Amino acid sequence: MILVTGGAGFIGANFVLDWLAHNDEGIVNVDKLGYAANRQSLATLDGDPRHVFVHGDIADRVLVSALLHEYRPRAVIHLAAESHVDRSIDDPSPFIDNNIVGTFALLESVRAYWQGLPVDQQAAFRWLQVSTDEVYGSLDAGAPAFTEAHRCEPNSPYAASKAAADHLVRAWHHTYGLPALTTRCSNNYGPCQFPEKFIPLLILNALSGKPLPVYGDGLQVRDWLYVGDHCRAIRMVLEAGEVGATYNVGGCDEKTNLAVVEAVCVLLDELLPRAGGGSYREQIEHVADRPGHDRRYAIDAGLLCDRLGWAPQVSFDSGLRKTVEWYLTNPVWVSQATSGAYANWVARQYGSGG
Ligand code: NAD
Ligand code: TYD
(Lines give C-alpha, C1' and ligand atoms only; values in the text may rest on other atoms or scores of the structure.)
(Ligands and ions follow the chains in the order given, each with its own letter.)
Protein backbone atom coordinates (compact mmCIF):
# COMPACT_ATOMS: atom_id res chain seq x y z
CA MET A 1 0.00 0.00 0.00
CA ILE A 2 0.88 3.64 -0.21
CA LEU A 3 -0.58 6.34 2.03
CA VAL A 4 -1.83 9.50 0.33
CA THR A 5 -2.79 12.61 2.30
CA GLY A 6 -5.26 15.13 0.88
CA GLY A 7 -6.54 12.64 -1.68
CA ALA A 8 -10.03 14.18 -1.86
CA GLY A 9 -8.61 17.52 -3.03
CA PHE A 10 -7.80 18.52 -6.59
CA ILE A 11 -4.35 17.05 -7.20
CA GLY A 12 -4.85 14.29 -4.62
CA ALA A 13 -7.99 12.92 -6.28
CA ASN A 14 -6.37 13.09 -9.71
CA PHE A 15 -3.33 11.30 -8.27
CA VAL A 16 -5.39 8.53 -6.66
CA LEU A 17 -7.26 7.90 -9.92
CA ASP A 18 -4.07 8.04 -11.97
CA TRP A 19 -2.24 5.69 -9.59
CA LEU A 20 -4.97 3.06 -9.58
CA ALA A 21 -5.26 3.29 -13.38
CA HIS A 22 -1.58 2.34 -13.64
CA ASN A 23 -1.10 -0.33 -10.99
CA ASP A 24 -2.92 -2.46 -8.47
CA GLU A 25 -1.05 -1.39 -5.36
CA GLY A 26 -3.68 -0.05 -2.96
CA ILE A 27 -4.01 3.41 -1.44
CA VAL A 28 -4.98 4.55 2.04
CA ASN A 29 -6.30 8.05 1.47
CA VAL A 30 -6.48 10.33 4.52
CA ASP A 31 -8.34 13.58 4.05
CA LYS A 32 -10.07 15.77 6.60
CA LEU A 33 -12.67 16.78 3.98
CA GLY A 34 -12.06 20.49 4.27
CA TYR A 35 -13.93 22.99 2.09
CA ALA A 36 -11.86 22.16 -1.04
CA ALA A 37 -12.35 18.39 -0.80
CA ASN A 38 -14.99 16.66 -2.88
CA ARG A 39 -15.83 12.97 -2.43
CA GLN A 40 -17.56 13.14 -5.81
CA SER A 41 -14.11 13.36 -7.45
CA LEU A 42 -13.50 9.76 -6.33
CA ALA A 43 -17.00 8.42 -7.01
CA THR A 44 -15.75 6.02 -9.70
CA LEU A 45 -13.76 4.20 -6.99
CA ASP A 46 -16.80 3.37 -4.84
CA GLY A 47 -16.58 -0.34 -4.04
CA ASP A 48 -12.97 -0.63 -5.30
CA PRO A 49 -11.07 -2.57 -2.59
CA ARG A 50 -7.78 -0.96 -3.68
CA HIS A 51 -8.93 2.40 -2.29
CA VAL A 52 -9.40 2.87 1.45
CA PHE A 53 -10.75 6.31 2.24
CA VAL A 54 -10.28 7.61 5.79
CA HIS A 55 -11.93 10.81 6.92
CA GLY A 56 -9.30 12.21 9.25
CA ASP A 57 -6.71 14.84 10.03
CA ILE A 58 -2.99 14.33 9.44
CA ALA A 59 -2.42 16.01 12.81
CA ASP A 60 -4.32 13.22 14.59
CA ARG A 61 -1.36 11.12 15.67
CA VAL A 62 -3.45 8.35 17.20
CA LEU A 63 -5.41 7.88 13.99
CA VAL A 64 -2.37 8.14 11.70
CA SER A 65 -0.28 5.73 13.82
CA ALA A 66 -3.13 3.22 13.81
CA LEU A 67 -3.42 3.48 10.01
CA LEU A 68 0.32 3.09 9.53
CA HIS A 69 0.39 -0.05 11.67
CA GLU A 70 -2.72 -1.52 10.09
CA TYR A 71 -1.85 -0.91 6.43
CA ARG A 72 1.97 -0.82 6.64
CA PRO A 73 2.49 1.51 3.65
CA ARG A 74 5.82 1.56 1.85
CA ALA A 75 5.44 5.26 1.05
CA VAL A 76 3.65 8.45 2.05
CA ILE A 77 2.65 10.93 -0.66
CA HIS A 78 1.98 14.11 1.30
CA LEU A 79 -0.41 16.44 -0.51
CA ALA A 80 -2.73 17.58 2.30
CA ALA A 81 -2.56 21.34 2.72
CA GLU A 82 -4.46 24.57 2.67
CA SER A 83 -3.67 25.69 -0.86
CA HIS A 84 -5.21 29.03 -1.81
CA VAL A 85 -3.02 32.16 -1.64
CA ASP A 86 -5.94 34.58 -1.31
CA ARG A 87 -7.33 32.68 1.68
CA SER A 88 -3.87 32.70 3.28
CA ILE A 89 -3.87 36.50 3.00
CA ASP A 90 -7.39 36.70 4.43
CA ASP A 91 -6.55 34.39 7.36
CA PRO A 92 -3.11 32.74 7.68
CA SER A 93 -3.98 30.62 10.74
CA PRO A 94 -5.24 27.46 8.97
CA PHE A 95 -2.09 27.53 6.83
CA ILE A 96 0.15 27.49 9.89
CA ASP A 97 -1.98 24.78 11.53
CA ASN A 98 -2.42 22.41 8.59
CA ASN A 99 0.66 22.99 6.48
CA ILE A 100 3.30 23.42 9.18
CA VAL A 101 1.97 21.89 12.40
CA GLY A 102 0.08 19.22 10.43
CA THR A 103 3.21 18.25 8.49
CA PHE A 104 5.20 18.15 11.72
CA ALA A 105 2.67 15.82 13.34
CA LEU A 106 2.59 13.57 10.28
CA LEU A 107 6.39 13.46 10.16
CA GLU A 108 6.51 12.37 13.79
CA SER A 109 3.88 9.64 13.30
CA VAL A 110 5.69 8.39 10.21
CA ARG A 111 9.11 8.57 11.86
CA ALA A 112 7.96 6.35 14.73
CA TYR A 113 6.49 3.81 12.31
CA TRP A 114 9.48 3.93 9.96
CA GLN A 115 12.01 3.47 12.78
CA GLY A 116 10.20 0.28 13.77
CA LEU A 117 10.51 -1.29 10.31
CA PRO A 118 13.11 -3.94 9.45
CA VAL A 119 16.26 -2.35 7.99
CA ASP A 120 15.53 -3.35 4.38
CA GLN A 121 12.02 -1.89 4.58
CA GLN A 122 13.40 1.28 6.17
CA ALA A 123 15.71 1.72 3.21
CA ALA A 124 12.93 1.13 0.70
CA PHE A 125 10.49 3.49 2.44
CA ARG A 126 9.75 6.89 0.83
CA TRP A 127 8.19 10.19 1.94
CA LEU A 128 7.25 12.29 -1.05
CA GLN A 129 6.62 15.92 -0.20
CA VAL A 130 4.43 17.65 -2.79
CA SER A 131 5.46 21.30 -2.74
CA THR A 132 5.20 24.35 -4.95
CA ASP A 133 7.30 26.72 -7.04
CA GLU A 134 5.87 29.51 -4.87
CA VAL A 135 8.47 28.73 -2.18
CA TYR A 136 11.09 30.24 -4.50
CA GLY A 137 9.44 33.68 -4.56
CA SER A 138 8.93 35.86 -7.62
CA LEU A 139 10.98 36.31 -10.83
CA ASP A 140 11.58 39.43 -12.91
CA ALA A 141 10.61 39.27 -16.57
CA GLY A 142 13.45 37.66 -18.51
CA ALA A 143 15.15 36.14 -15.44
CA PRO A 144 16.08 32.47 -15.79
CA ALA A 145 13.45 30.01 -14.54
CA PHE A 146 13.72 28.62 -10.99
CA THR A 147 16.07 25.67 -10.64
CA GLU A 148 16.12 23.46 -7.54
CA ALA A 149 19.19 25.43 -6.39
CA HIS A 150 17.20 28.68 -6.12
CA ARG A 151 16.93 29.82 -2.51
CA CYS A 152 13.57 29.81 -0.78
CA GLU A 153 12.12 33.33 -0.72
CA PRO A 154 8.41 32.79 -0.08
CA ASN A 155 6.24 35.90 -0.27
CA SER A 156 2.70 34.89 0.73
CA PRO A 157 1.59 33.23 3.97
CA TYR A 158 0.72 30.17 1.86
CA ALA A 159 4.18 30.03 0.26
CA ALA A 160 5.87 30.56 3.65
CA SER A 161 3.86 27.70 5.18
CA LYS A 162 4.84 25.37 2.33
CA ALA A 163 8.51 26.40 2.58
CA ALA A 164 8.39 25.73 6.33
CA ALA A 165 6.95 22.27 5.72
CA ASP A 166 9.65 21.56 3.12
CA HIS A 167 12.32 22.56 5.63
CA LEU A 168 10.85 20.21 8.24
CA VAL A 169 10.96 17.36 5.73
CA ARG A 170 14.54 18.23 4.82
CA ALA A 171 15.53 18.18 8.50
CA TRP A 172 13.79 14.83 9.16
CA HIS A 173 15.78 13.40 6.26
CA HIS A 174 19.07 14.98 7.31
CA THR A 175 18.76 14.27 11.05
CA TYR A 176 16.82 11.00 11.26
CA GLY A 177 17.55 9.59 7.82
CA LEU A 178 13.89 9.46 6.78
CA PRO A 179 14.10 8.72 3.02
CA ALA A 180 12.38 11.83 1.71
CA LEU A 181 12.01 13.41 -1.72
CA THR A 182 10.42 16.74 -2.62
CA THR A 183 8.66 17.89 -5.77
CA ARG A 184 7.97 21.55 -6.50
CA CYS A 185 5.47 22.11 -9.24
CA SER A 186 4.00 25.07 -11.03
CA ASN A 187 0.30 26.01 -11.28
CA ASN A 188 -1.79 22.90 -11.90
CA TYR A 189 -5.07 22.92 -13.78
CA GLY A 190 -7.48 20.21 -14.89
CA PRO A 191 -10.61 18.35 -13.72
CA CYS A 192 -11.81 18.55 -10.11
CA GLN A 193 -10.07 21.81 -9.17
CA PHE A 194 -11.99 23.79 -6.57
CA PRO A 195 -13.44 26.89 -8.27
CA GLU A 196 -11.67 29.44 -6.06
CA LYS A 197 -8.60 28.91 -8.30
CA PHE A 198 -8.18 31.05 -11.40
CA ILE A 199 -9.07 28.72 -14.29
CA PRO A 200 -12.19 27.02 -12.85
CA LEU A 201 -13.29 30.37 -11.40
CA LEU A 202 -13.15 31.88 -14.88
CA ILE A 203 -15.08 28.99 -16.45
CA LEU A 204 -17.87 28.94 -13.86
CA ASN A 205 -18.16 32.74 -13.57
CA ALA A 206 -18.39 33.00 -17.35
CA LEU A 207 -21.20 30.45 -17.51
CA SER A 208 -23.19 32.15 -14.79
CA GLY A 209 -22.85 35.61 -16.36
CA LYS A 210 -20.58 36.93 -13.59
CA PRO A 211 -17.48 39.13 -14.00
CA LEU A 212 -14.17 37.44 -14.88
CA PRO A 213 -11.96 39.09 -12.23
CA VAL A 214 -8.39 39.86 -13.31
CA TYR A 215 -6.17 41.13 -10.52
CA GLY A 216 -4.31 44.36 -11.31
CA ASP A 217 -2.97 44.67 -14.87
CA GLY A 218 -3.26 40.91 -15.51
CA LEU A 219 0.33 40.74 -16.74
CA GLN A 220 1.49 38.42 -13.97
CA VAL A 221 2.99 35.24 -15.41
CA ARG A 222 2.40 31.66 -14.32
CA ASP A 223 3.69 28.37 -15.74
CA TRP A 224 0.71 26.03 -16.27
CA LEU A 225 0.99 22.29 -15.72
CA TYR A 226 -1.78 19.86 -16.63
CA VAL A 227 -2.59 17.84 -13.51
CA GLY A 228 -2.17 14.49 -15.31
CA ASP A 229 1.41 15.42 -16.19
CA HIS A 230 2.02 16.29 -12.54
CA CYS A 231 0.59 12.94 -11.34
CA ARG A 232 2.91 11.07 -13.71
CA ALA A 233 5.86 13.08 -12.38
CA ILE A 234 4.97 12.10 -8.80
CA ARG A 235 4.85 8.42 -9.80
CA MET A 236 8.23 8.67 -11.53
CA VAL A 237 9.91 10.49 -8.63
CA LEU A 238 8.54 7.93 -6.18
CA GLU A 239 9.82 5.11 -8.37
CA ALA A 240 13.26 6.39 -9.31
CA GLY A 241 14.00 9.69 -7.58
CA GLU A 242 17.19 10.09 -5.58
CA VAL A 243 16.51 10.15 -1.85
CA GLY A 244 17.07 13.63 -0.43
CA ALA A 245 16.63 15.32 -3.81
CA THR A 246 14.17 18.00 -4.89
CA TYR A 247 12.65 17.91 -8.38
CA ASN A 248 10.95 20.82 -10.08
CA VAL A 249 7.89 19.95 -12.18
CA GLY A 250 6.68 22.45 -14.77
CA GLY A 251 4.57 22.56 -17.89
CA CYS A 252 6.99 24.81 -19.85
CA ASP A 253 3.90 26.91 -20.65
CA GLU A 254 4.34 30.45 -19.30
CA LYS A 255 1.27 32.63 -19.80
CA THR A 256 0.11 36.00 -18.55
CA ASN A 257 -3.19 35.92 -16.69
CA LEU A 258 -4.70 38.00 -19.50
CA ALA A 259 -3.66 35.32 -22.00
CA VAL A 260 -5.32 32.67 -19.81
CA VAL A 261 -8.61 34.53 -19.53
CA GLU A 262 -8.56 35.19 -23.27
CA ALA A 263 -7.99 31.47 -23.99
CA VAL A 264 -10.86 30.46 -21.68
CA CYS A 265 -13.21 32.94 -23.41
CA VAL A 266 -12.25 31.72 -26.90
CA LEU A 267 -12.97 28.10 -25.90
CA LEU A 268 -16.28 28.92 -24.25
CA ASP A 269 -17.34 31.06 -27.23
CA GLU A 270 -16.80 27.94 -29.36
CA LEU A 271 -18.20 25.27 -27.02
CA LEU A 272 -21.14 27.08 -25.42
CA PRO A 273 -21.83 30.45 -27.08
CA ARG A 274 -23.49 33.05 -24.85
CA ALA A 275 -27.27 32.92 -25.02
CA GLY A 276 -27.56 36.65 -25.67
CA GLY A 277 -24.75 36.74 -28.25
CA GLY A 278 -21.37 38.47 -27.92
CA SER A 279 -18.17 37.07 -26.46
CA TYR A 280 -17.48 36.01 -22.88
CA ARG A 281 -14.61 38.55 -23.14
CA GLU A 282 -17.20 41.22 -22.40
CA GLN A 283 -17.34 39.86 -18.82
CA ILE A 284 -13.61 40.52 -18.13
CA GLU A 285 -13.12 43.03 -15.31
CA HIS A 286 -9.88 44.32 -13.84
CA VAL A 287 -10.18 44.34 -10.04
CA ALA A 288 -7.90 45.39 -7.18
CA ASP A 289 -4.60 43.49 -7.15
CA ARG A 290 -3.73 40.83 -4.59
CA PRO A 291 -1.44 42.25 -1.84
CA GLY A 292 2.16 41.12 -2.41
CA HIS A 293 1.17 39.48 -5.71
CA ASP A 294 4.14 37.53 -7.13
CA ARG A 295 4.82 38.84 -10.62
CA ARG A 296 6.21 35.78 -12.33
CA TYR A 297 6.82 32.09 -11.69
CA ALA A 298 8.78 30.01 -14.19
CA ILE A 299 10.14 26.56 -13.57
CA ASP A 300 13.18 24.76 -14.93
CA ALA A 301 12.27 21.06 -14.85
CA GLY A 302 15.53 20.01 -16.52
CA LEU A 303 16.62 17.76 -13.64
CA LEU A 304 13.41 15.70 -13.75
CA CYS A 305 13.53 15.51 -17.56
CA ASP A 306 17.22 14.57 -17.77
CA ARG A 307 17.47 12.18 -14.82
CA LEU A 308 14.07 10.51 -14.85
CA GLY A 309 12.94 10.97 -18.47
CA TRP A 310 9.81 12.95 -17.60
CA ALA A 311 8.36 15.52 -19.99
CA PRO A 312 4.99 17.26 -20.03
CA GLN A 313 2.72 15.57 -22.57
CA VAL A 314 -0.28 17.90 -22.51
CA SER A 315 0.06 21.37 -24.07
CA PHE A 316 -1.80 24.29 -22.52
CA ASP A 317 -4.17 24.45 -25.49
CA SER A 318 -5.22 20.80 -25.31
CA GLY A 319 -5.22 20.70 -21.49
CA LEU A 320 -7.39 23.79 -21.27
CA ARG A 321 -9.86 22.33 -23.78
CA LYS A 322 -10.09 19.09 -21.75
CA THR A 323 -10.57 21.15 -18.59
CA VAL A 324 -13.33 23.38 -19.98
CA GLU A 325 -15.10 20.32 -21.40
CA TRP A 326 -14.86 18.59 -18.02
CA TYR A 327 -16.52 21.50 -16.19
CA LEU A 328 -19.23 21.67 -18.85
CA THR A 329 -20.06 17.98 -18.47
CA ASN A 330 -19.88 17.55 -14.68
CA PRO A 331 -22.73 19.63 -13.24
CA VAL A 332 -23.14 17.43 -10.14
CA TRP A 333 -19.53 17.96 -9.12
CA VAL A 334 -19.81 21.68 -9.86
CA SER A 335 -22.98 22.13 -7.82
CA GLN A 336 -21.41 20.32 -4.85
CA ALA A 337 -18.29 22.48 -5.06
CA THR A 338 -20.18 25.75 -5.33
CA SER A 339 -22.79 25.08 -2.67
CA GLY A 340 -22.33 25.77 1.03
CA ALA A 341 -19.61 28.08 2.27
CA TYR A 342 -18.19 28.79 -1.19
CA ALA A 343 -20.64 31.65 -1.71
CA ASN A 344 -19.46 33.31 1.51
CA TRP A 345 -15.86 33.24 0.27
CA VAL A 346 -16.80 34.69 -3.12
CA ALA A 347 -18.79 37.48 -1.47
CA ARG A 348 -15.91 38.34 0.89
CA GLN A 349 -13.21 38.23 -1.79
CA TYR A 350 -14.98 39.81 -4.75
CA GLY A 351 -17.95 41.64 -3.22
CA SER A 352 -21.52 40.61 -3.74
CA GLY A 353 -21.33 41.03 -7.56
CA GLY A 354 -18.50 38.42 -7.84
P1 NAD B 1 -6.71 21.34 -2.51
O2 NAD B 1 -6.94 22.51 -1.62
O3 NAD B 1 -7.60 21.15 -3.69
O4 NAD B 1 -6.76 19.99 -1.66
C5 NAD B 1 -6.10 19.86 -0.44
C6 NAD B 1 -6.73 18.69 0.31
O7 NAD B 1 -6.03 18.52 1.54
C8 NAD B 1 -8.20 18.90 0.65
O9 NAD B 1 -8.95 17.78 0.23
C10 NAD B 1 -8.21 19.05 2.18
O11 NAD B 1 -9.40 18.55 2.77
C12 NAD B 1 -6.98 18.24 2.56
N13 NAD B 1 -6.40 18.65 3.84
C14 NAD B 1 -5.99 19.90 4.20
N15 NAD B 1 -5.51 19.89 5.45
C16 NAD B 1 -5.63 18.61 5.91
C17 NAD B 1 -5.33 17.97 7.14
N18 NAD B 1 -4.82 18.66 8.17
N19 NAD B 1 -5.56 16.64 7.24
C20 NAD B 1 -6.10 15.94 6.21
N21 NAD B 1 -6.43 16.49 5.03
C22 NAD B 1 -6.20 17.82 4.88
O23 NAD B 1 -5.19 21.48 -2.96
P24 NAD B 1 -4.46 20.94 -4.28
O25 NAD B 1 -4.48 22.00 -5.30
O26 NAD B 1 -4.94 19.58 -4.60
O27 NAD B 1 -2.96 20.85 -3.73
C28 NAD B 1 -2.44 19.64 -3.21
C29 NAD B 1 -1.00 19.87 -2.82
O30 NAD B 1 -0.25 20.32 -3.94
C31 NAD B 1 -0.84 20.94 -1.74
O32 NAD B 1 0.18 20.51 -0.85
C33 NAD B 1 -0.39 22.17 -2.52
O34 NAD B 1 0.40 23.01 -1.73
C35 NAD B 1 0.41 21.53 -3.63
N36 NAD B 1 0.47 22.33 -4.87
C37 NAD B 1 -0.67 22.68 -5.54
C38 NAD B 1 -0.57 23.41 -6.72
C39 NAD B 1 -1.78 23.80 -7.52
O40 NAD B 1 -1.64 24.46 -8.56
N41 NAD B 1 -2.99 23.37 -7.16
C42 NAD B 1 0.68 23.83 -7.20
C43 NAD B 1 1.80 23.47 -6.46
C44 NAD B 1 1.70 22.71 -5.32
P1 TYD C 1 -4.34 31.09 -8.41
O2 TYD C 1 -5.14 30.11 -9.21
O3 TYD C 1 -4.91 31.60 -7.13
O4 TYD C 1 -2.91 30.46 -8.19
P5 TYD C 1 -1.55 31.13 -7.56
O6 TYD C 1 -1.88 32.37 -6.85
O7 TYD C 1 -1.14 30.03 -6.62
O8 TYD C 1 -0.61 31.31 -8.70
O9 TYD C 1 -4.06 32.37 -9.32
C10 TYD C 1 -3.36 32.25 -10.55
C11 TYD C 1 -3.10 33.67 -11.06
O12 TYD C 1 -4.37 34.27 -11.36
C13 TYD C 1 -2.45 34.56 -10.02
O14 TYD C 1 -1.52 35.44 -10.65
C15 TYD C 1 -3.59 35.35 -9.43
C16 TYD C 1 -4.54 35.48 -10.62
N17 TYD C 1 -5.98 35.59 -10.25
C18 TYD C 1 -6.74 36.63 -10.77
O19 TYD C 1 -6.25 37.48 -11.55
N20 TYD C 1 -8.06 36.69 -10.41
C21 TYD C 1 -8.64 35.79 -9.56
O22 TYD C 1 -9.84 35.92 -9.25
C23 TYD C 1 -7.82 34.71 -9.05
C24 TYD C 1 -8.40 33.69 -8.11
C25 TYD C 1 -6.50 34.64 -9.44
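The following dialogue goes through the two ligand sites, some strands, a core and two backbone angles of a predicted model.

Trainee: What should be kept in mind about numbering and confidence in this model?

Mentor: Residues are numbered from 1 along each chain as its sequence is written, while chains are lettered from A and ligands numbered from 1 in the order in which they are written. Because the model is predicted, local features need pLDDT of at least 70 and side-chain atom pairs count only at pLDDT 80 or more, whereas totals for chains, interfaces and linings use all residues, and side-chain values use heavy atoms, with hydrogens and water left out.

Trainee: What makes a residue part of the shell around ligand 2, and how many residues surround this ligand?

Mentor: A residue is near a molecule or strand if one of its heavy atoms lies within 4 Å of it, and 18 residues surround ligand 2, the closest being Glu134, Arg222, Arg290, His293 and Tyr350. Helix H3 (85-90), helix H7 (198-207) and strand S8 (212-215) each supply at least two residues of that shell, and the largest share, three residues, comes from S8. Helices (H or I, at least four residues) and strands (E, at least two) are DSSP runs, numbered from the N terminus.

Trainee: Which side chains have polar atoms at short listed distances from oxygen atoms of ligand 2, among them that of Arg222?

Mentor: A polar contact is a pair of N or O atoms within 3.5 Å; within protein, one must be able to donate a hydrogen and the other to accept it, and residues adjacent in sequence count only if both atoms are side-chain atoms. For Arg222 the distance from a polar side-chain atom to an oxygen atom of ligand 2 is 2.8 Å, for an N or O atom in the side chain of Arg290 it is 2.5 Å, and for a polar side-chain atom of His293 it is 2.7 Å. The protein covers 97% of the 510 Å² of accessible area that ligand 2 has on its own, where areas come from the Shrake-Rupley method with a 1.4 Å probe and, for residues, only the protein chains shown count as cover.

Trainee: Which residues come nearest to ligand 1, and how many are around it?

Mentor: There are 28 residues around ligand 1, and Ile11, Asp31, Ser83, Tyr158 and Lys162 come nearest. An N or O atom in the side chain of Asn98 is 2.8 Å from a nitrogen atom of ligand 1, one in the side chain of Lys162 is 2.6 Å from an oxygen atom of the ligand, and a backbone N or O atom of Asn188 lies 2.8 Å from an oxygen atom of ligand 1. Of the 830 Å² of accessible area that ligand 1 has on its own, the protein covers 96%.

Trainee: Why is strand S9 called largely enclosed?

Mentor: Buried means under 20% relative accessible area, exposed over 50%, and partly exposed in between (1.4 Å probe, protein chains only). Six of the six residues of S9 (residues 221-226) are buried, so this strand is largely enclosed by the rest of the structure. Val221, Asp223 and Leu225 point one way from S9, and Arg222, Trp224 and Tyr226 the other way.

Trainee: How do you know that S9 pairs with S7, and in which sense?

Mentor: Two strands pair if DSSP finds at least two bridges between them. S7 and S9 have three bridges in the parallel sense, with Asn187 opposite Trp224 in S9. S9 and strand S11 (residues 254-256) also pair over three bridges, in the antiparallel sense, and Lys255 in S11 is the bridge partner of Arg222.

Trainee: Why is Arg72 called partly exposed, and why is Cys252 called exposed?

Mentor: Arg72 has 42% relative accessibility and therefore counts as partly exposed, whereas Cys252, at 57%, counts as exposed. Arg72 is placed in the loop between helix H2 (61-71) and S4, and Cys252 lies in the loop between S10 and S11.

Trainee: What makes the phi values of Arg72 and Cys252 worth a remark?

Mentor: Most residues other than glycine have a negative phi. Phi of Arg72 is near 50°, a positive value in a residue other than glycine, and phi of Cys252 is near 55°, likewise positive in a residue other than glycine.
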